[in-house]
Amino acid sequence: RQALDELREVTVTAKKPFIQKLTDRIVVNVENSIVSAGSSAFDVLERSPGITIDPNDNIIMRGKSGVIIMIDGKPTPMTGADLVTYLRGLPSGAIERIDLITNPSAKYDAAGNSGIIDIKMKKDQRFGSNGTFTAGYGQGIYPKASTGLSLNYRNKKMNVFGSYNYSYRMNLNHLFLDRNFFNPDGSFNGKDQKDNFTKIPVNFNSVRIGADFFPSKKTIIGFVVNSNLIDVKPRNNNNSVVIDNNKQPAYTFRTRTDNRNNNNNTVANINFKHTFDSTGTELTADLDYGNFSSDAFSSTATKYYKLDGSMQQPDYILNGNQAGQLSFVTAKADYSHPFGKGAKLEAGFKTSFVSSDNDAKFFDWSSGSPVNDENKTNRFFYDENNNAAYLNYSREFKKISLQLGLRGEQTNLKTRQEKGDIRWDSSYLQLFPSVFLNYKLNEDQTLGVSVSRRIDRPGYSQLNPFLFLIDVTTYATGNPALLPQFTWSYELSYTMKHLSLTLGYSHTTDNQNIVIARFKDVFPNIPSEDNVTVQIPVNLASSDFYGLTVAAPV
């Protein structure tokens with residue numbers, strides 16, 4: 001009996017590895033990594049297998065851009081700099097794990113040329129009252145610090161949870177640019193050399209509250225509210241040398257930009273899950289509402305100098321005030337029904353509405369008094385409605401597992417530029433098939449093949465035609481005529497115990513890319529010098545991608 005009592009007191013604890021390779025995804029268990037302590041979600045992604053970050057902070061998965069970021073299984077409407085700011089502020093201590101899904105099934109949204117990154121937030125499953133306090137500090141060139149508190153109470157009828165996280169970090173970006181210009185005949189026409197240094201302090205506050213209720217053993221009803229307050233104050237110094245067509249320095253200019261950006265967002269979710277029987281037949285439903293607001297104040301001052309250091313021309317001072325509002329509503333339902341002999345049928349639908357209003361006002365203060373800059377002041381409205389339905393069938397055989405899926409998505413898109421009352425209106429229906437086949441060579445070796453079609457719709461920031469000043473010779477703008485890109489993706493994988501090899505190929509049409517063009521070619525009605533450029537997204541005819549990925553824990 002004493003032996004039995006001792007046996008009852010034995011507790012078996014299993015700890016998941018930092019990196020896990022599953023059948024359809026790679027899982028990064030953030031909470032089990034000491035390396036990730038005190039970091040941000042952006043830092044963890046940089047260290048995740050197959051993920052790279054380019055110099056412009058674009059997230060690239062296995063060599064391809066077009067990644068969809070999801071939070072707890074729900075796509076975030078943030079794109080571009082707004083998304084990067086959010087991920088840099090989100091402390092790793094609030095994250096349970098990150099799922100890297102390179103070739104999603106028809107159950108997921110068809111968006112994402114390179115796949116989906118799903119960030120799963122922590123939720124305590126222990127009974128009783130529990131709490132966790134965390135704090136961290138890091139030092140690179142500049143410091144970073146974070147702290148967080150999470151509380152949880154759970155019994156047989158409900159689970160109530162809440163958390164608060166704060167993080168501070170000083171980011172930097174030091175960029176050297178050597179930009180050459182050529183005439184149509186190929187002859188040299190001058191160049192710019194730029195030394196661009198930016199310090200970006202970020203203050204991030206995050207609050208999360210929610211509850212799950214269990215009216216029966218088969219039913220769960222819950223809600224969760226996430227709210228974030230992000231304060232970013234970038235400061236940029238740019239020193240540039242302009243070189244003429246004789247390859248001799250002509251003059252220099254220095255630009256200083258001070259920004260104060262405030263981003264507030266709140267997302268609320270109501271969810272429902274009912275399990276019908278012991279076989280796993282279940283119905284889930286979600287209703288989401290989110291509101292994102294931003295205010296950005298900028299002051300850009302440029303001084304021009306002759307080679308002897310004297311003043312060449314009067315200073316150019318541009319102040320801007322940009323306000324943005326984005327809201328969305330999403331409703332979805334999923335049904336899963338297992339059959340005998342390892343077969344399962346999944347079906348579902350989703351509808352979403354996104355609305356955005358961006359208002360930018362710019363004033364030229366060069367004379368000491370504000371003068372409205374008509375070329376930069378603008379307002380842009382964006383409305384998008386997506387409706388989707390899917391059907392997924394899977395079957396497990398002795399050595400073969402098969403999954404067939406088909407998803408249909410119908411998109412309605414409207415934009416309006418207040419300046420000139422320019423409107424864009426488009427609507428299209430597309431089908432997205434997917435096939436997954438795994439063959440088990442033996443107990444430790446599996447061969448897999450997958451094929452899927454995907455779409456990347458332009459984000460509101462890519463369509464926004466606002467003219468943003470980077471420095472007096474470099475601008476950025478959006479393209480309201482930008483088309484969605486479509487990708488056929490093929491993968492061949494081989495898994496042996498913990499080693500995984502994946503050979504991938506994809507073909508993309510109407511490929512979206514950023515090009516640098518002469519300002520006068522894009523905006524012929526706005527006077528400009530020959531060395532002024534603009535960054536603008538365009539559609540290329542097509543692109544092809546080949547890649548080999550090796551994943552192994554060390």
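Biologist: Right, two strands pair if DSSP finds at least two bridges between them. And what are the strands themselves, by DSSP?

Modeller: Strands (E, at least two residues) and helices (H or I, at least four) are DSSP runs, numbered from the N terminus. Before we go on, this is a predicted model, where local features need pLDDT of at least 70 and side-chain atom pairs count only at pLDDT 80 or more, while totals for chains, interfaces and linings use all residues. Residues are numbered from 1 along each chain as its sequence is written, and side-chain values use heavy atoms, with hydrogens and water left out.

Biologist: Cool. Which residue takes a positive phi in the hairpin of E11 and E12?

Modeller: Gly-186, with phi near 95°, in a hairpin that has 5 residues between the strands. E11 and strand E12 (residues 188–216) run antiparallel, joined by 24 bridges. Leu-177 has Lys-194 in E12 as its bridge partner.

Biologist: And how many residues does the hairpin from E10 to E11 go through?

Modeller: That hairpin goes through 3 residues. Strand E10 (residues 143–154) pairs with strand E11 (residues 158–182) over 11 bridges, in the antiparallel sense. Tyr-153 is matched with Val-160 in E11.

Biologist: Jumping to E28. Does E25 run parallel or antiparallel to E28?

Modeller: Parallel: strand E25 (residues 474–477) is joined to strand E28 (residues 533–551) by 3 bridges. There, Ala-476 has Gln-535 as its bridge partner. Strand E27 (residues 499–518) runs antiparallel to E28, with 18 bridges, and Gln-512 stands opposite Asn-539.

Biologist: Side chains next. Is Ser-452 buried or exposed?

Modeller: Ser-452 has a relative accessible area of 1%, so it is buried. Buried means under 20%, exposed over 50% and partly exposed in between, with a 1.4 Å probe and protein chains only. Ser-452 lies in strand E23.

Biologist: What is Ser-452 in contact with, beyond its neighbours within four places in sequence?

Modeller: Asn-103, Pro-104, Pro-433, Ser-434, Thr-487, Trp-488 and Ser-489, where contact means heavy atoms within 4.5 Å.

Biologist: And where is Glu-443?

Modeller: Glu-443 sits in the loop between strand E22 (422–442) and strand E23 (445–456). At 65% relative accessible area, Glu-443 is exposed.

Biologist: OK, the nonpolar patch. Which strand gives the most to it?

Modeller: E16, with 3 residues. Patch members, among them Phe-213, Ile-270, Phe-276, Tyr-289 and Tyr-335, have about 1,000 Å² of accessible area together. Those areas are Shrake-Rupley with a 1.4 Å probe, and for residues only the protein chains shown count as cover. Patch residues have over 30% relative accessible area and no salt bridge; nonpolar side chains (Val, Leu, Ile, Met, Phe, Trp, Tyr) are joined within 5 Å, like charges within 9 Å. A salt bridge is a Lys or Arg side-chain nitrogen within 4 Å of an Asp or Glu carboxyl oxygen. Tyr-289 is in strand E16 and is partly exposed at 43%.

Biologist: How many aromatic pairs does the structure hold?

Modeller: It holds 9. In one of these, Phe-276 and Tyr-335 have ring centres 6.4 Å apart and planes at 65°, so they are edge-to-face. Rings of Phe, Tyr and Trp (its six-membered ring) pair if their centres lie within 6.5 Å; planes under 30 degrees apart are stacked, over 60 edge-to-face, the rest tilted.

Biologist: Which parts does the pair of Phe-276 and Tyr-335 tie together?

Modeller: The loop between E15 and E16, which holds Phe-276, and strand E17, which holds Tyr-335; these are 59 residues apart in sequence. Tyr-490 and Tyr-505 are stacked, because their centres are 6.0 Å apart with planes at 20°.
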